[in-house]
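Here are a few packing exercises to try with the model open beside you. Have a go at each task before reading its solution.

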Amino acid sequence: MTGVTREQAQDRSRYISDAVQTPPISKRNIKYLQKNRKGGFNFRSHPVFENRISAAVLTPFQLYRKHGNDIENHALKGPKEGEFSIVSLDARPWVAAGVVTLTTKTELHINLERNLSLRHNKNTAFHIDTYESYATTVQNLTNLGVLMEDSDRALRLRKLIIEKDEPEFIEKLPREVGRLGSKLMRNLNIEQQRAVLKALSCNDYVLLQGLPGTGKTQTISVLIQMLVFLKQRVLVTAHTHSAVDTVLTRLPESLKIMRLGSSSRVAHDLAAKSEATLTKNCNTSEELSKLYDSMDVVGVTCLGANHALLSRTTFDVCIVDEATQVLQCTVLRPLFAAKRFVLVGDPEQLPPVVKSKSARRLGMEESLFHRLMNDKSTCTLQLQYRMNQALVDFANKVAYSDRLKCANKSVAESTMNIDDEKLAALDPWEIEACSKDVDKAALFYNVEPIETKYHKDLTNTDEGCVVLALVKLFIQVGVKNSDIGVIAPYRDQVSLLRQMLATTHVEVSTVDQFQGRDKSVIIYSCTKRNSFDDKVKEGEVLNDQRRLAVCVTRAKHKFIAIGNEQVLRKYTPLSKLIDACTQIVMDKNILLELTKQYKSV
């Protein structure tokens, strides 16, 4: 299927082989799973422990590896959580496919569209591969080909993007802009108003650099409303479905909006505005054409912009949210469909995902936003409404060089909502964690591992126990579980933390998944517990300044990082974070007590 041998695929950590079925569980449990998972089924993969079955996990059947090494030194290879994967037999590829829902050191769960235990016995060997599609590559290459076409639009884009011609702006806006602005822009601050007016005056493009919490989405919403009232059609696009949906849900019901794309990927609040819903009563091509042409605003992801509608319609403006996360060749497609464009993003945060080291070295990580950024074309939003003053100062030290500012006094002085009366009964280290003092807003807990031997896998149970103790502590003193977020740099650690925190219902995600989100309290598990040398490998997540910038700007009132200072100091961004935090050495006895209490969770 992939053109490589099993051994090569497994070395690349994209493949699990020789997983076999253990005895099926009861029919009652299968029915329960079908009822709750809508027919989805799970494998359960055990790399080491043969015939180890957990009745708590309702699976039609379970898989485990025939062979394995010592569990402490065994890092689970193969598909990762959230990846679409393929299940095959020795003699037959692709007998089923689905999304991996859980990966741990000893388990892999995958939701399938059919129950394979009905056709295969318990001794059947299965192979699980991560599905790697080349459709995106083909589309990106096609976009580059279209950019080289002999057309006026392609010529203009080449001059702007390749030759970097400076954008042009209208010197004087129509009077009606002033009348509309007095109504629509009254809730915007001065920076946001200037950004909207600059976007309205551009003939080619404008960049909107929005620092964390500065109200980028609100600014985009007002801009779109202004454009529609000026009889202009708008295309809204972004790298992710969630970003497109976030912008569209902020628009008033009076606008005619269509969300292109699969209905399963569209937010529930936008179901009535999805293409499938709006076109279900169209019976002829003329009716479809009339419907499409009547839309004021159309939303679609950058990869979904190869839709036929965009090839036959020219929009007045294309607005690209999360523009710093999109590959240049991917963002080209929606730009072909508009006369001018607005790029919105934060170049200090997540770049496009480029796995190839050589591609990164050759500049593929550079987004179109980075490429076009200059003083003339860029508006910057610095007044933020998320973090209190103490965390703004902290974020400025770590990532933003004093550019972030609190929008008002209320934001600057905001604190956690906790019950002060409950603090008296806590231990000293717990009181310190819950403190509202300015110098305790950002804390770094130095957690030295109980076991000093080298671990290859990217999980840290000791840190997991500390995270669980802190989460329970904040809930105990009155912080809602929905106001707490836990972040880890590695998916294996995220998976471990999700299991440990399952009963708390606290959100746990990677840095990338928390982009654009915020919580009152953020706990960051750095995970790395030991290292053979001080050499930093190219592309290491912990050495990525932009990911750290995302991490430290998710908290509104409290940020706590947990890690082994001795190991983390070799990473320049994390060394800066440790220095910016109030440092607390985790007492060994307290750590032993927490691990004893929570390690079995």
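This is a predicted model, so keep that in mind as you go.

**Exercise 1. Two neighbours of one helix**

Task: Work out which way helix 4 crosses helix 12, at what angle, and through which residues.

Solution: Start with the hand: helix 4 passes helix 12 in a right-handed crossing. On the helix 4 side, the touching residues are Arg153, Leu157 and Ile161, and they meet Leu332, Leu335 and Phe336 of helix 12. Sort those by class and you get five nonpolar, no polar and one charged. Now the geometry: helix 4 spans residues 152-161, its axis is 11 Å from that of helix 12, and the angle is about 135°. Angles over 145° would count as roughly antiparallel, so helix 4 and helix 12 end up classed as oblique.

Task: Now do the same for helix 3 against helix 12.

Solution: Helix 3 covers residues 135-147 and helix 12 covers residues 328-336; their axes come within 8 Å and cross at roughly 55°. That pair is therefore oblique too. The hand here is left-handed. Helix 3 brings Gln139, Asn140, Thr142, Asn143, Leu144, Val146 and Leu147 to the contact, while helix 12 answers with Cys329, Thr330, Leu332, Arg333 and Phe336. By class, that comes to six nonpolar, five polar and one charged residues. Check the two lists for shared residues: Leu332 and Phe336 of helix 12 touch helix 3, and Leu332 and Phe336 also touch helix 4.

**Exercise 2. Reading a sheet from its edges**

Task: Give the strand order of the seven-stranded open sheet and name its edge strands.

Solution: Trace across the sheet and you should read 9-10-8-11-12-7-13, with parallel pairing. At the edges sit strand 9 (257-259) and strand 13 (378-381), each pairing on one side only. From one strand to the next, the twist averages 20°.

Next, zoom in on the strand 13 edge. Strand 7 (residues 205-210) pairs with strand 13 in the parallel sense, over four bridges. Leucine 208 is the residue that stands opposite cysteine 379 of strand 13.

Last step: look for a helix over this part of the sheet. Helix 6 (residues 190-201) lies across strand 7, strand 12 (338-345) and strand 13, and runs at about 160° to strand 13.

**Exercise 3. A strand with two partners**

Task: Is strand 19 mostly covered or exposed, and which strands pair with it?

Solution: Take burial to begin with. Strand 19 (residues 519-525) is mostly covered, with seven of its seven residues buried. Side chains in a regular strand alternate between the two faces of the sheet.

Then find the partners. Strand 17 (residues 484-488) runs parallel to strand 19 and is joined to it by four bridges; valine 486 faces isoleucine 523 there. Strand 20 (residues 555-563) is also parallel to strand 19, through six bridges, and serine 525 has isoleucine 562 as its bridge partner.

**Exercise 4. One more helix pair**

Task: Describe how helix 18 packs on helix 19.

Solution: Helix 18 (residues 461-476) and helix 19 (residues 491-500) have axes 10 Å apart and an angle of about 45°. That makes the pair oblique. Their crossing is right-handed. Thr461, Glu463, Gly464, Cys465, Val467 and Leu468 of helix 18 meet Gln493, Leu496, Leu497 and Met500 of helix 19. Six of these contact residues are nonpolar, three polar and one charged.

Conventions: Residues numbered from 1 in each chain as written. Predicted model: local features only at pLDDT ≥ 70, side-chain atom pairs only at ≥ 80, totals over all residues. Heavy atoms only, no water. Axes fitted to C-alpha atoms, helices over the stretch in contact; angles between N-to-C directions. Parallel < 35°, antiparallel > 145°, perpendicular 65-115°, else oblique. Left-handed = near helix turned anticlockwise from the far one by under 90°. Contact = heavy atoms within 4.5 Å. Nonpolar A, V, L, I, M, F, W, Y, C, P; charged D, E, K, R; others polar. Pairing = 2+ DSSP bridges. Buried < 20%, exposed > 50% of the residue type's maximum accessible area, 1.4 Å probe, protein only.
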